[in-house]
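Colleague: I would like to learn how to read a structure like this one. Could you walk me through some features, step by step?

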Amino acid sequence: TVSVAAYNVENTIEETLDSLVVPGILDKLEVFVVDDGGIDDTLKIARKYEKKYPDTFYAVHKENGGYGSTVNYSIAHATGKYFKLLDGDDWFDTSSLGDFINLLERECADVIITPYVKCGERSGKREIDNICSDMPEGCFAINKVKLNDYFNMHYLTYRTDLIKSIPLKLTEHCFYTDVEYACLPIPHINNVYVWQHPVYLYRTEVAGQSMSI
């Protein structure tokens with residue numbers, strides 16, 4: 001299950017959703033595109049994908065509740081084996097997505113950790129962030145995992161049963177709830193699978209994004 005937070009992202013949402021359209025895996029994906037009370041054409045665009053790929057994309061319109069509310073909606077409705085977040089102005093690496101989905105079918109670790117790529121909108125600079133750069137690929141007990149950074153949502157793919165069982169519910173009407181998403185499940189994690197291939201592409205250098213001053 002992929003949860004796409006989509007608040008007024010009409011200029012980028014097509015690139016986001018196109019990155020999920022990979023032949024051979026569409027029937028293995030459940031994508032909630034959650035329009036959080038936006039006022040642009042994001043929902044209209046999402047509904048085009050829902051119409052074209054009705055068993056993969058689900059366009060959702062809800063009253064504005066903040067980032068956490070979009071995640072809460074998707075967790076409540078998720079039926080996939082694993083759960084991953086994707087912001088409506090970011091995208092996935094299509095070239096590695098098929099192999100990643102195949103990995104998720106085989107694995108049963110509580111969380112999968114993958115590198116991600118920072119993509120500078122103005123500079124064009126690309127930089128890989130890898131929280132487990134000193135580790136080989138494979139499954140490890142949580143206390144054996146060497147981390148060279150703090151958890152953030154871009155690295156993480158949680159087993160859906162795990163986050164449903166906590167249960168994980170993020171604060172609504174609040175910024176930075178992706179930190180809650182990354183940290184609250186940690187005490188419940190027993191094992192981690194490290195996969196050394198970037199999946200998430202994170203757009204930076206964008207005016208108005210919540211990470212700006």
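Modeller: Happy to! Let's begin with P187, which sits in the loop between α6 and β11. Keep in mind that this is a predicted model.

Colleague: Is P187 buried or exposed?

Modeller: The general idea is to look at relative accessible area, where exposed means over 50%. P187 has a value of 67%, so this residue counts as exposed. You can also place P187 by its distance to another residue: its C-alpha atom is separated by 9.7 Å from that of I142, and the two residues are 45 apart along the chain.

Colleague: Thanks! Now, how do I read a pair of aromatic rings?

Modeller: Two values describe such a pair, the distance of the centres and the angle of the planes. Rings pair if their centres lie within 6.5 Å. By this rule there are 10 aromatic pairs here. Take F83 and Y181: their centres are 6.4 Å apart and their planes lie at 50 degrees, so this pair is tilted.

Colleague: Which parts of the chain does that pair link?

Modeller: Distant ones: F83 belongs to strand β4 (residues 82-87) and Y181 to helix α6 (residues 177-183), 98 residues apart. Both F83 and Y181 are buried. Now look at Y116 and Y155, an edge-to-face pair with 5.0 Å from centre to centre and 70 degrees between the planes. This pair also links distant parts of the chain, with Y116 in strand β7 and Y155 in the loop between β9 and β10, 39 residues apart. Both Y116 and Y155 are buried. Ring pairs can build a cluster too, as with F32, Y58 and Y73.

Colleague: What about the nonpolar core? Which residues have the most contacts inside it?

Modeller: Those are L20, V33, F57, I112 and Y181, in the largest nonpolar core, which has 61 residues. Helix α4 (residues 94-106) gives the largest share of this core, 5 residues. To see what a core residue touches, set aside its neighbours within four places in sequence: L20 is then in contact with L26, L29, V31, F57, L86, F92 and L97.

Colleague: How should I read a helix such as α4?

Modeller: Ask which residues are buried, then what they pack against. In α4 the buried residues include L97, F100, I101 and L104. The buried residues of α4 pack against β4, β5, β6, β10 and β11. Try the same with helix α3 (residues 67-77), where V71, N72 and I75 are among the buried residues. There the packing partners are β1, β2, β3, β4, α5 and α6.

Colleague: And where is there a nonpolar patch on the surface?

Modeller: F175, Y176 and V179 make one of about 350 Å². Y176 lies in the loop between α5 and α6, and its relative accessible area of 46% makes it partly exposed.

Colleague: Are there backbone details I should look for?

Modeller: Yes, positive phi in residues other than glycine is a good one to look for. Y176 has a phi of about 65 degrees. N8, in the loop between β1 and α1, has a phi near 50 degrees. With 30% relative accessibility, N8 is partly exposed. Finally, check the peptide bonds: the one that joins I166 and P167 is cis, with omega about -15 degrees. P167 is found in the loop between α5 and α6.

Technical notes: Residues numbered from 1 in each chain as written. Predicted model: local features only at pLDDT ≥ 70, side-chain atom pairs only at ≥ 80, totals over all residues. Heavy atoms only, no water. Phe/Tyr/Trp six-rings, centres within 6.5 Å; stacked < 30°, edge-to-face > 60°. Helix = DSSP H or I, 4+ residues; strand = E, 2+ residues; numbered from the N terminus. Buried < 20%, exposed > 50% of the residue type's maximum accessible area, 1.4 Å probe, protein only. Core = buried A, V, L, I, M, F, W, Y, C linked by side-chain atoms within 4.5 Å. Contact = heavy atoms within 4.5 Å. Patch = residues over 30% accessible without salt bridge, like charges linked within 9 Å, V, L, I, M, F, W, Y side chains within 5 Å. Areas by Shrake-Rupley, 256 points an atom, 1.4 Å probe, with all protein chains shown as cover. Salt bridge = Lys/Arg side-chain N within 4 Å of Asp/Glu carboxyl O.
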